[in-house]
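Here are my comments on the model you sent round. Please read them with the coordinates open.

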Amino acid sequence: MWSRGLLQQVVRHASNIRQVGVLFDVDGVLLRGGSVIPAASRALRKLVDRNNKFLFPVVFVTNAGSCLRHHKAQQLSHLLDLQITPEQVVLSHSPLQMMKSFHNKCVLVSGQGPVTQIAHILGFQKIVTIEQLSEQHPLLDMVDHSRRPTSTPCSSQILPQIQAIILLGEPVRWETNLQLLIDVLLSNGRPGCVYGTQMLAQMPVLACNMDLLWMADAPSPRFGHGIFLLCLESVYKKLTGRDLEYAAVLGKPSLLTYQYAEQLLRQQNQNHKLSTIYAVGDNLMTDIYGANLYNRYLAKHHTKMMSGTKLVAQGTGTQTMMAEEELAFAAQCRSIL
């Protein structure tokens, strides 16, 4: 947990007309499984006033993505004994709401939890799940012998051609998801057909949460969505000889995720800009690396602003660039381990 000196510095800085905002990771920083980390509970008590209100803008940024935003806010409110609103929560998939160019495409969604509802709330209109795809094409999922079909399927519902893939988080049946995702990628969105021999362009893939590991109740970290993505990339590379490319990668350490989180901080601050963002996390490869990456981006942004040059988010693709008025304005982002 972060040191007392840094905590005092944040509170002292926060008293200066709300010029500071804080981004909290959740798993491993505030919670471990379903239990609150005692030191985190004591620290949070120092960050609220006598009315249990935060002294400055606070957003909880987690790479979890198998739930709805308001459910995560309710869970955190209950466990931390604080009033946390959905507008204070950023899940790994939250920035997908800004990617409007994909919202009218037919998308295949992989993950667990209420994936259809999540995708609808984010703005997607035409959604196909792995389960629907498996029901439509039961001959494709052949690993589990107990679930192999005994007769030829006859379905009156024909699914539309898939135009993009949304990877929300780690699925339950990895073998089914790996097989059907490869089928979709190599058939140009028509998994009932044979693989295409000449694929001019890969279908867009948007991936949320690259965490290789995450901390739960077990004594050692557990596999995260990043491990599943490594499996998918490896299979795709082995079969095609090409690297799997992502149209966008979301969740920490993605710049888009930090930009989106800063927007929420500014909204809590009545759209007044912040001078410093503190990002508290426990994962060196996501929380700490992401905060430092964002800090470098902010430094470039201010240099460009001083020279009158516009700057857009790096590495997000032309379809996901943010408008100039949505760009970050904080002076710095400091990571706290």
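The points below take up a sheet, the cavities and one helix.

1. The model is predicted, and the remarks here should be read with that in mind. Residue numbers run from 1 along the chain as its sequence is written.

2. Five strands make up an open sheet, in the order E5-E4-E1-E13-E14, with parallel pairing. The edge positions are held by strand E5 (89–90) and strand E14 (332–336); each has a single partner strand, so one side of each lacks a neighbour in the sheet.

3. Within this sheet, E1 pairs with strand E4 (residues 58–61) in the parallel sense, over three bridges. Opposite Leu 23 stands Val 59 in E4. Leu 23 also appears in the lining of the largest cavity.

4. How many cavities of 30 Å³ or more does the structure hold? There are two. The largest has about 70 Å³ of space, and the second largest about 30 Å³.

5. The residues lining the largest cavity are Leu 23, Phe 24, Asp 25, Val 61, Lys 252, Tyr 258, Ala 279, Val 280, Gly 281, Asp 287 and Ile 288. At least two residues of this lining come from each of strand E1 (20–24), strand E13 (276–280) and helix H9 (284–307). E1 and E13 are also listed among the strands of the open sheet. By class, the lining comprises seven nonpolar, one polar and three charged residues. In checking this cavity, please look at the charged residues Asp 25, Lys 252 and Asp 287 in its lining.

6. Around the second largest cavity the lining consists of Leu 185, Met 199, Ala 201, Gln 202, Met 203, Tyr 236 and Arg 242. These divide into five nonpolar residues, one polar and one charged. The polar residue is Gln 202 and the charged one is Arg 242.

7. Which residues of helix H4 (residues 115–122) are buried? They are Val 115, Ile 118, Ala 119 and Leu 122. Viewed down the axis of H4, these buried residues fall within an arc of 95°, so they line one face of the helix. Their packing partners are strand E6 (106–110) and strand E7 (126–129).

8. One backbone detail belongs with the previous point. Gly 123, just after H4, takes a positive phi of about 120°. Leu 122, in H4, is among the buried residues of the helix.

Conventions
Predicted model: local features only at pLDDT ≥ 70, side-chain atom pairs only at ≥ 80, totals over all residues. Heavy atoms only, no water. Buried < 20%, exposed > 50% of the residue type's maximum accessible area, 1.4 Å probe, protein only. Helix = DSSP H or I, 4+ residues; strand = E, 2+ residues; numbered from the N terminus. Arc of directions from axis to C-beta. Contact = heavy atoms within 4.5 Å. 1 Å grid on protein atoms, 1.4 Å probe; cavity = no way out; pocket = protein on both sides within 12 Å on 5 of 7 lines; lining within 4 Å. Points joined across faces, edges and corners; volume = space filled by probe spheres on them. Pairing = 2+ DSSP bridges.
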